[in-house]
Amino acid sequence: MHFDNDIYHGYIMKGDLHGAISYVKQFPEQKGLYHRFLDIFERELYISYDVDTELNNILTAYQQYYRDVFYLRIANEQAENKLKERLAKLLGITDEHIELWQVEENYLCDLFANRGLHFLGGRTSGYRGPYIWRTTETVSYDVELPDGIQNYSVKILDGFVMRSWIDYLSFGEIGTSGWANGDGFIHCVKSAWDFESESFRVSLLKHEAQHAKDLEMDKDMPSENLEYRAKLIELIYSKERNLLQKFAGEADGSLKDNGHAMAAYRIMNGFADALGVEEIQPAMVSIDQIQTIAKVLFEDSIKNVLTMRRNELQIKIILSDADKEVIARTILESLPDWFGIPESTEKYIADSKGHPFFCAYADDAPIGFLYLKETGRHTMELAVMGVLKEHHRQGVGRKLFMEAKNEAKRLGYSFIQVKTVQMGRYDIYDDTNRFYLSLGFKELEVFPTLWDECNPCQIYIMAI
């Protein structure tokens, strides 16, 4: 058995640090790499960067977050809270209600800018990690995609200090090499590319140009859908490289918050269906086959996007109690995995009357709803939410919640709470927990027997 970089990098791309370390440990020639992992993640001998002490302390806080979430396997939401607390302490922030994104945008951007550095915070494939660089140069490129040629302005970024978590976990071997974030530019990490290569033309320019087009069409397109379409573009245009092998290493259908892993998983399933096999062997698929199948999958994805645009989502406040009952019954009775106890479902339907009720429509048909109810003078509860299963992971629940949150704030409430089954009990409810955490809810308390011992009640809270 020989050390395979694709396998090793696949573990890193999925954030599976323990898998990467275990794989490396099998190979005596990788002893140095193995001990390098131990130095940082076990012994906490963190990297010191070429910046001043104050900025190094900030970067150490991010390194501690990487250790928490990838090595100690602390839940991401808890690890982010610890990161926020460390940063707040370093920056002298006393506001207990400040969010991590506010710390990054309102404090760290200015702090690094004062040292002549660019700072970009946020998440990459579900995990925090900043991009910090020194210089930017703008160049124009003509980029061909299936629907024609378009000119794009590309920002060439150089002099990186930190390049988020993938770069950190791989000690600079791999990492985000570019992005499009809806600002009209393609951003390119200069050190990651040979500007004369197919890799640059396809995996950077075409990949990110597709992102830019998709974000222009739908600024809220989920990361999984963005990556799925952009990776198909790579497969369509790559003539020199079998990228299917690379995507096979990234694929993991269990990582719901990792757009790259989920997109690669969908691609592998799509290819398996097209080839009529249960599991494909990427190395055995020719470049011509890859390009042909990728074109079909991309065309199908265009049809799906056009259908979603034709059925553009609308959120409406429902005033009629009769309409509320009909909508709630239609949606909840179609979701037996979540609402399988008839008595409870009937109570949810009856309780919808007289409460702020929000419904999502696509092509004039209701596809999801939620309603709020007051639980205290300053607090609203997200009492029930349901979205038709075929519309899951399309941003419907998020848009419903944002409308409800804005209405609760307009009505003068300060908090929203929500109850669900505690994380770790059932897969479908684990997805629900992750959804609430992604909205910004924080864990408040668990009541082990509020419902019953098999369904401990997790309460989340959010200040609005």
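Two strands pair if DSSP finds at least two bridges between them. In this predicted model, strand 5 and strand 6 form a hairpin with two residues between them. Strand 5 covers residues 135-145 and strand 6 covers residues 148-158, and the two pair in the antiparallel sense over eleven bridges. One of these contacts involves E137, whose bridge partner in strand 6 is I156.

**The sheet of four strands**

The hairpin belongs to an open sheet of four strands, in the order 5-6-9-8, with mixed pairing. Strand 5 and strand 8 (178-179) stand at the edges with a single partner strand each, so one side of each has no neighbour in the sheet. Strand 8 runs antiparallel to strand 9 (residues 185-189), and two bridges join them. W179 has H187 as its bridge partner in strand 9. Helix 8 (residues 198-217) packs on this sheet and touches strand 5, strand 6, strand 8 and strand 9. The direction of helix 8 makes about 85° with that of strand 5.

**The sheet of seven strands**

Another open sheet has seven strands in the order 10-11-12-13-14-16-15, and its pairing is mixed. Its edge strands are strand 10 (314-318) and strand 15 (442-452), each of which pairs on one side only. Direction ignored, neighbouring strands of this sheet are turned by 30° against each other on average.

Within this sheet, strand 11 and strand 12 run antiparallel and are joined by six bridges. Which residue of strand 12 is the bridge partner of F357? The partner is Y371.

Helix 16 (residues 427-439) packs on the sheet of seven strands. This helix touches strand 13 (379-387), strand 14 (415-421) and strand 16 (455-463), and its direction makes about 165° with that of strand 14.

**Aromatic pairs**

A pair of aromatic rings is described by the distance of the centres and the angle of the planes. The count for this model comes to 31 aromatic pairs. Among them is the pair of F357 and Y371, which is stacked, at 6.2 Å centre to centre and 10° between the planes. F357 lies in strand 11 (residues 357-362) and Y371 in strand 12 (residues 365-376), so the pair ties together parts that are 14 residues apart in sequence. F357 and Y371 are thus linked in two ways: as bridge partners and as a stacked aromatic pair.

**Helix pairs**

The table lists three packed helix pairs with the angle and the distance of their axes.

| Helix pair | Angle | Axes |
|---|---|---|
| Helix 1 (residues 5-13) and helix 2 (residues 17-25) | about 160° | 8 Å apart |
| Helix 9 (residues 223-237) and helix 11 (residues 259-275) | about 55° | 8 Å apart |
| Helix 9 and helix 10 (residues 243-250) | roughly 155° | within 10 Å |

With its angle of about 160° to helix 2, helix 1 is roughly antiparallel to that helix. The crossing of helix 1 and helix 2 is left-handed. On the side of helix 1 the contact is made by I7, Y8, Y11 and I12, which meet G19, A20, Y23 and V24 in helix 2. By class, this contact has seven nonpolar residues, one polar residue and no charged residues.

Helix 9 packs with helix 11 at an angle of about 55°. Why is helix 9 called oblique to helix 11? Angles that are not under 35 degrees, not over 145 and not 65 to 115 count as oblique, and the angle of about 55° makes helix 9 oblique to helix 11. Helix 9 passes helix 11 in a right-handed crossing. From helix 9, the residues S223, E224, N225, E227, Y228, K231, L232 and L235 take part. They meet G259, H260, M262, A263, A264, R266, I267 and F271 in helix 11. The residues of this contact divide into eight nonpolar, four polar and four charged.

Helix 9 also packs with helix 10, where the axes cross at roughly 155°. That makes helix 9 roughly antiparallel to helix 10. K231, E234 and L235 of helix 9 make the contact with L243, L244, F247 and E250 of helix 10. By class, the contact of helix 9 with helix 10 has four nonpolar, no polar and three charged residues. K231 and L235 of helix 9 appear in the contact with helix 11 and again in the contact with helix 10.

Methods:
Residues numbered from 1 in each chain as written. Predicted model: local features only at pLDDT ≥ 70, side-chain atom pairs only at ≥ 80, totals over all residues. Heavy atoms only, no water. Axes fitted to C-alpha atoms, helices over the stretch in contact; angles between N-to-C directions. Left-handed = near helix turned anticlockwise from the far one by under 90°. Contact = heavy atoms within 4.5 Å. Nonpolar A, V, L, I, M, F, W, Y, C, P; charged D, E, K, R; others polar. Phe/Tyr/Trp six-rings, centres within 6.5 Å; stacked < 30°, edge-to-face > 60°.
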